[in-house]
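Dear colleague,

I am handing over the structure below, followed by my notes on what was found in it. Please read the notes with the coordinates open beside you.

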Amino acid sequence: MMMKEYDIKDISLAPSGHRKIEWVRNNMPLLAAFEEEFRRTRPFEGLKISLSVHLEAKTAYLCLVLAAGGAQMSVTGSNSLSTQDDVAAALADDGLKVFARHGASDEEYMRHIEMCLEHGPNIIIDDGGDLVSMLHEKRPDLMSEVLGGCEETTTGVIRLKAMEREGVLAFPMVAVNDARCKHLFDNRYGTGQSVWDSIMRNTNLIVASKTVVVVGYGWCGRGIAMRAAALGARVIVTEIDPVKAMEARMDGYDVMKMDDAAPLGDVFVTATGCMHTITVEHMMNMKDRAILANAGHFNVEIDMAGLEAAATGSFEARNNITGYSLPNGRIVNVIGEGKLVNIAAADGHPAEIMDLSFAVQIMSALYIKENHRELENRVIDVSEEIDDVIARKRLAAWGIEIDNLTEEQKKYLDSWQV
């Protein structure tokens, strides 16, 4: 029997995880096509990949596709509350190195990040930047064989660009999040749907008639606001960027400062990638039993530490919801401990959305493998060619054909003369 390397909750949970993975396999046509191709071509043969992404069924299928391509996979989660133990067990059962468990402490989480790197990766696939940060800060001894990597989310790209500005980034990283086939769909439609899926299933409350405050109007905020309005909510947007604020207003939403929005909201959703966008002072001015949720990668957008210090008590209001009693006698309810609500307290983005995002990951990893010698140690944009290939494959899976430019049209567009 194959010796398995893992640190998971319980290997006996694997059958449930296998069923979840099979479900998404049947709903992710792009990855299914890569899997079939990779079994023949083995493009990652001999390469080691360390991956830290929310460890649920869609991510597990990505890992299996990369393994089908010959990669030696070492896997961990990017958030302890988003790890699904049965899915982690299924990957371990399939012979992958897996280091993750639901509800791991901060210390355990960082130990799993380090364990994921111990096999000496050639390619990094990161979600939030913790693998890259660990390599640079604590394990530079493991960087000698790293060719480069890919970053999944806005927060991670922000961290990488800070490292690039400071001149410390030691290998090239592709900003997968910034690809059109990622942020236009994953951030907007994926976040928009999955955030409300989580809020509705955890609260069992109606959205129609409520006032929803969306903090931040990037692509995630756009999606959250759009779905809230479609469900019948009044939407208020808070922003620091005047152009985005103007955009929100023209999209039909009220726009104001958080100080003014705090007393009005029934539900608050943060989506900025920044810290303390909702402070204790804001919470003190909220309605009794206001609901708070975070859709950003890290649990710092809502000041949870400040809330825990200021609260006179806390209690389990409902599964995945903690109620905090404030000194003024009011209660605020926080979903998923202020962590990424759509995955910490639900199943994350729909399979079809992650099919697009993970197709970008796969093609970006191939790009690193094939071009790393020519790449600088900086944050690299996903090429238009990769976006175009993925979009055409997705359209083909839908049975959709589109027009192509004629040679006459190409000539016209390339000319400055009328």
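Thr322 stands opposite Val334 in E15, within a pairing in which strand E14 (residues 321-325) and strand E15 (residues 331-335) run antiparallel and are joined by five bridges. Here two strands count as paired if DSSP finds at least two bridges between them, while helices (H or I, at least four residues) and strands (E, at least two) are DSSP runs numbered from the N terminus. Please bear in mind that this is a predicted model, in which local features need pLDDT of at least 70 and side-chain atom pairs count only at pLDDT 80 or more, whereas totals for chains, interfaces and linings use all residues. Residues are numbered from 1 along each chain as its sequence is written, and side-chain values use heavy atoms, with hydrogens and water left out.

E14 and E15 belong to an open sheet of eight strands, ordered E10-E9-E8-E11-E12-E15-E14-E13, whose pairing is mixed. Its edge strands, each pairing on one side only, are E10 and strand E13 (313-318).

Towards the E10 end, strand E8 (residues 211-215) pairs with E9 in the parallel sense over five bridges, and Val213 stands opposite Ile236 in E9. Between these two strands the chain passes through helix H9 (residues 219-230), and this β-α-β crossover is right-handed (with the strands pointing away from the viewer, the path from the first strand over the helix to the second runs clockwise). E9 is in turn joined by two bridges to strand E10 (residues 254-255), again with a parallel run, and the bridge partner of Ile236 in E10 is Asp254. The chain crosses from E9 to E10 through helix H10 (residues 242-250), and this β-α-β crossover is right-handed as well. Strand E9 (residues 234-238) is mostly covered, as four of its five residues are buried, where buried means under 20% relative accessible area, exposed over 50%, and partly exposed in between (1.4 Å probe, protein chains only).

Helix H6 (residues 130-137) is largely enclosed by the rest of the structure, because seven of its eight residues are buried; they are Asp130, Leu131, Val132, Ser133, Met134, Leu135 and His136. These buried residues pack against strand E2 (48-52), H5, strand E5 (123-126), helix H7 (154-165) and strand E7 (173-175), with contact meaning heavy atoms within 4.5 Å.

In helix H7 lies Thr155, which is buried with a relative accessible area of 9% and touches Gly273, His297 and Phe298, not counting residues up to four places away in sequence.

Phe298 also appears in the second largest pocket, which is lined by 15 residues, with Asp106, Tyr109, Phe298, Asn299 and Lys339 lying nearest its centre. On a 1 Å grid over the protein atoms alone, a pocket is an open set of points where a 1.4 Å probe fits, with protein on both sides within 12 Å along at least five of seven lines, and lining residues have an atom within 4 Å of a point. About 390 Å³ of space lies in this pocket, where grid points are joined across faces, edges and corners and the volume is the space filled by probe spheres set on the points. Helix H5 (residues 106-117) supplies the largest share of the lining, four residues.

Best regards
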